[in-house]
Amino acid sequence: MTAASITERLHRLSPGRRAEVAARMNRAAEAVLSEPIALVGIGCRFPGGVSGPRSYWRNLLAGWNAVRDVPSDRWDVDTAPAGASAPVPGRATSRRGGFLDDVAGFDAEHFKITPQEAAAMDPQQRLLLEVAWEALDDAGLQPPAIAGSRTGVFVGVYYNDYLRTGHDDIAAVDAYTTTGNAHSVTAGRLSYLLDLSGPCMAVDTACSSSLVAVHLACQSLRLRECDTALAGGVSLMLAPETQVALSQWGMLSPKGRCGAFDADADGIVRGEGAGVIVLKRLVDAVTAGDQVVAVLRGSATNQDGRSQGLTAPSVLAQRDVLSEALAKAGIAPSSVGFIETHGTGTSLGDPIEFDALSMVYGRDGGRCALGSVKTNMGHLEAAAGIAGLIKAALVVRSGVIPPNLHFRRWNAAIDPGPTGFYVPTEATRWDAAPHPRVAAVSSFGFGGTNAHLLIEEARLDTGARPLPGEDDTTATAADDPLPIDRWRHERFWRGRTEPSPPSGSAEDGIPPTSGDGVVEILQDVFQRALGRRQVRPQDNFFELGGDSLTAMRVVSMARERGVHLRVEDLREASVAGMVGRLASAAASVASAAGVDAASEVPLTPVQYHYLHLADPAPEAWDTQALLDCDERIDPDLLLQAASRVVDRHDALRLRLARTPSGWRQTLAPPGSGPAPHVESLDLSRSSDVAALAMFRSRAGELQAARDLRTGPLVSLVVGDRGPGRPSSVLVSVHHLAVDGHSIWMLIYELFTAYRALSESQPVELPEPTTPYAVWARQEAKRAASGDVRAQLAYWAEQDAAETVQVPVNHDHGPALLGSMQSSTATLDASATSSLLAVDPDLVPLLLTALLTSLSDWVPEGEIRVDLRDHGRRSTSPDLDLAWTMGWFTSVYPVVVPIGPSVSLEGVRRRLTGVPDHGSGYGALRHLTEEGARDLTGRSEISVNYTGRLDGGAGGPVRYAATQARAFPDRRIPISRLIELKAVIIGDTLHTTLAYSRDRFRADFMDAAAGRLVAALHEHADI
């Protein structure tokens, strides 16, 4: 009997029972959402020299005013004329704001970031890294100790000023511009550098961003999504556009002074800074003996909805968010003695906020102070909420309420009479009461998102460092270290980076290393690529701040000086260690895993061609398939099966190394070297979409980790979904060893052997035919013969032929590999048998059918088509390659007629004239050696016939995929716009007409696919 789903079970309940279930759920949610959260660490960088909570508190008590004129290194925009009656286009109402002293300084070396990347990074990202580190230090948490932990990161950020600076020249945009300016990376980089695995997100709700981020962090802790959280916000003013735009709205104070709730208040003053707090569940913090600065009791967020205008606040929405936060905290409004308000100092916003506050607080006869740190240092926008929260935390802890600035009398639209609200204008004692002090914090975004939070005195001696004046108004406490003392700052700015990026001369401040040994060359290359003044032999590239982009540059720079590296070498070894690896690699050419010099295998023409004309990093050339099996797979048995297959086929034991004289290939004997790589991937809790994403990620990692010098070339990942559930298996084999036909031979043998081993039966597999190395050596001899050179005239003629192009009807930019779409069709066994009777090769038939399907809209004439050969055609009749694994693929062009008169016989005549039965092997090598041209990849059309995949072994493989998926780089530009792929599995022909959707409409190509299948059926009926 099938178990009912939870939806069905709820549907069957009576309305009364469903109401009981809902009530229980509500009670459970209320219990979870009321859990107290401990604030255990604070980091902040605010105007007026604030570098931490102690200097912040000192300035607050002193009633400091950090607002000043725009620094000369930010921007120069004229202010509006004094007394202007209306906004002046292009002018700012005020030059005043709360500015940090230094936004260009950054300790890039501490965070292992190169000067080039640091200069491209938004200073908001840089500032957040340092402040978050300071918050962890204040919490007594060493970053290495939390690496790998479930620590969440929640960051409020919304302006992108840096992206607008210095980009007048489009050539200044580099690869780091994207990651350097993406808000997601502002949060993500923190998780990456600290190696944190909890939730990570950037929050943009405008002015309420950082308080919403804290709310989300608390919820995540309560829901056990993370065990520690970093929450806060960052905002910097780096360009004049926002200042001018707010002036056009009439929002800025012409006087450059924020007077929250004051009768003379005339607008906001902008400010900048960053604040980060460290949060834990209170029970965890107390158990760990952490300092507890204050306790976050409850919070809420909501939206204004359709208020009087997009940016106009809603008094009812504000009332509701205050009430909801109190309810979640389980705190009575009368318990709150201080509210850090949004308090922007605008004639519209202040009265609305006061009205909302008076509906909830201040009506029980008790006094309640209203504060706004915006009067001290301006509106920090994305960081405003965290600035207010940190202030409130310090207030409840110390029992002193700092003064507000610029307040003399209430705004005329505010009636404080019925309330107990007051605005303190001097430091005011908040005497201890029987109950802990409770404060509230508000933050409202101009997009309508509101946040409110309740914070309570901890009343627990946890060893927290004292604040200035705490317990003794005449005492002073140790202040926060200044950034200049804590960090080794260098200035980084787009176009003004100090030190300058190395140019390769001693004048750039990076002295060249002496000597031409490998160690000295690598030290010099590292210094120049990373902008380091010194690199030691024991240094590791990635630990110095290298990344994948710089790694490719290092590989190229080292190659130019005769040192051949792989990216994986940079990741795994120090400078000195790489020298040892390179020496081992050179030795492995002559003796890899017991292989002597006699085992050297010549590069085949296709290998030689791709190694010299294609990607210079061949480690990433894996052929991959994801197989959906029909039972749970045992990884240990699969390893046994894979080892047998590798021992049977010499192509799976090839080794490749780059030497000063070029690429060399050797062959390891059976049973030597590393075993095939087999691992298990836990998919028991993953959806199909998540599982596919995990396979994609692992596929890329396997390719990156491939070492062609030592092997193995075969990697298998078993996706395990748990007992009783079928597995999926990722098969990843380097292209050096297999082509498309060979990987299906491998899959057949792998799972045939696995089946036999699992049933304790003898393993019976098809007998291998001619070894791959024998064929490779023969082809090398042929390539050196005069016969092959005589063919060059033929290939030159093909290259020079005048051909027609395929008209496109859907031009959407460059065609990319990821744009390929396909239409598939299958011919039954009878039609397939008839086609094979007409021509066992099938290539002429497939090509003729394709040309027929395109003739209606491609101009009549001759067209160049790439043929991809998988037929294991040997130029020697004594070699049998039918069951030989290897990379036999060859792509070669043919020029054939297209138009109404296209015929099978005409196509056959053209193909008959192709040298070497169309293999093109010899021509590929000679054209590569001479550097004449690359014949392949220029055609817009191709035909790719793989042949039979069952190898005559009695039908399809039992474990073959119901859906096989490969993982190519989908951003690769392509010239081939239409490709016909065909394969025979069992007795049926499967065709796929692939095309670029960036060039052709789907309905158009579906019609062409229909004509293709019709043409094949016509030939089958002949």
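Which strands and helix cover the buried residues of H13? Keep that in mind as you open the structure, which is a predicted model.

**Stop one: helix H13**

Select residues 315–329, which make up helix H13. This helix has 15 residues and reaches 22 Å from its first C-alpha to its last, close to the 21 Å expected at 1.5 Å a residue. Now show the side chains of Ala317, Gln318, Val321, Leu322, Ala325, Leu326 and Ala329, which are buried. As a reminder for reading any helix, an α-helix has 3.6 residues a turn, so residues three or four places apart point the same way.

To answer the opening question, add the surroundings. The cover over the buried residues of H13 includes strand E9 (294–303), strand E10 (336–340), strand E15 (438–444) and strand E16 (449–456), together with helix H14 (349–360). Before you leave, click on Gly330, just after H13, where phi is positive at about 70°.

**Stop two: E9 and E16 again**

Stay with two of those strands and select Arg297 and Glu456. They form a salt bridge in which the closest N and O atoms are 2.7 Å apart. Arg297 sits in strand E9 and Glu456 in strand E16, so to speak two distant parts of the chain, 159 residues apart. Arg297 counts as buried at 19% relative accessibility, and Glu456 counts as buried at 15%.

**Stop three: a ring pair from H14**

Next, pick Phe354 in helix H14 and Phe421 in strand E13, 67 residues apart along the chain. Their ring centres are 5.4 Å apart and their planes meet at 75°, so the pair is edge-to-face. Both Phe354 and Phe421 are buried.

**Stop four: helix H11**

Move to residues 241–249, helix H11, and show Thr242, Gln243, Val244, Leu246 and Ser247, which are buried. Strand E3 (96–98) and helix H7 (161–164) are among the elements that cover the buried residues of H11. Just after this helix, Gly250 has a positive phi of about 80°.

Follow the chain onward to Asp264, in the loop between H11 and strand E8 (273–281). What does Asp264 meet in a salt bridge? Its partner is Arg408, with 2.5 Å from N to O. Arg408 belongs to the loop between strand E12 (400–401) and strand E13 (421–422), 144 residues from Asp264. Arg408 counts as exposed at 64% relative accessibility, while Asp264 is partly exposed at 29%.

**Stop five: rings around E3**

Strand E3 came up as part of the cover over H11. Select Trp75 and Phe99 on either side of this strand: Trp75 lies in the loop between strand E2 (67–69) and E3, and Phe99 in the loop between E3 and strand E4 (105–106). Because these two residues are 24 apart in sequence, the pair ties together separate parts of the chain. The ring centres of Trp75 and Phe99 are 6.1 Å apart with planes at 65°, so this pair is edge-to-face. Are Trp75 and Phe99 buried or exposed? Both are buried.

For a wider view of aromatic rings, colour Phe106, Phe111, Trp133, Trp487 and Phe492, which ring pairs link into a cluster. The structure has 17 aromatic pairs in total.

**Stop six: the nonpolar cores**

Now zoom out. The largest nonpolar core has 54 residues, and Tyr56, Val214, Ile277, Leu279 and Ile455 touch the most other members. Select helix H16 (residues 384–398) to find the largest share of this core, ten residues. Apart from it lies another core, of 53 residues, including Tyr608, Leu716, Val718 and Phe888.

**Stop seven: more charged pairs**

Select Asp720 and Arg632, whose side chains meet in a salt bridge at 2.7 Å, N to O. Asp720 lies in strand E22 (residues 714–720) and Arg632 in the loop between strand E18 (622–628) and helix H23 (635–648), so the bridge ties together parts 88 residues apart in sequence. Asp720 counts as buried at 15% relative accessibility, whereas Arg632 is partly exposed at 38%.

Then select Arg150, Asp227, Arg281 and Asp284 to see a network of salt bridges. How many salt bridges does the structure hold? The count is 37.

**Last stop: the cysteines**

Finish with Cys44 and Cys200. Cys44 is buried, with a relative accessible area of 0%, and Cys200 counts as partly exposed at 33%. How many disulfides are there? The count comes to zero.

Notes
Residues numbered from 1 in each chain as written. Heavy atoms only, no water. Buried < 20%, exposed > 50% of the residue type's maximum accessible area, 1.4 Å probe, protein only. Helix = DSSP H or I, 4+ residues; strand = E, 2+ residues; numbered from the N terminus. Contact = heavy atoms within 4.5 Å. Core = buried A, V, L, I, M, F, W, Y, C linked by side-chain atoms within 4.5 Å. Expected span 1.5 Å × (residues − 1). Disulfide = S-S within 2.5 Å. Salt bridge = Lys/Arg side-chain N within 4 Å of Asp/Glu carboxyl O. Phe/Tyr/Trp six-rings, centres within 6.5 Å; stacked < 30°, edge-to-face > 60°.
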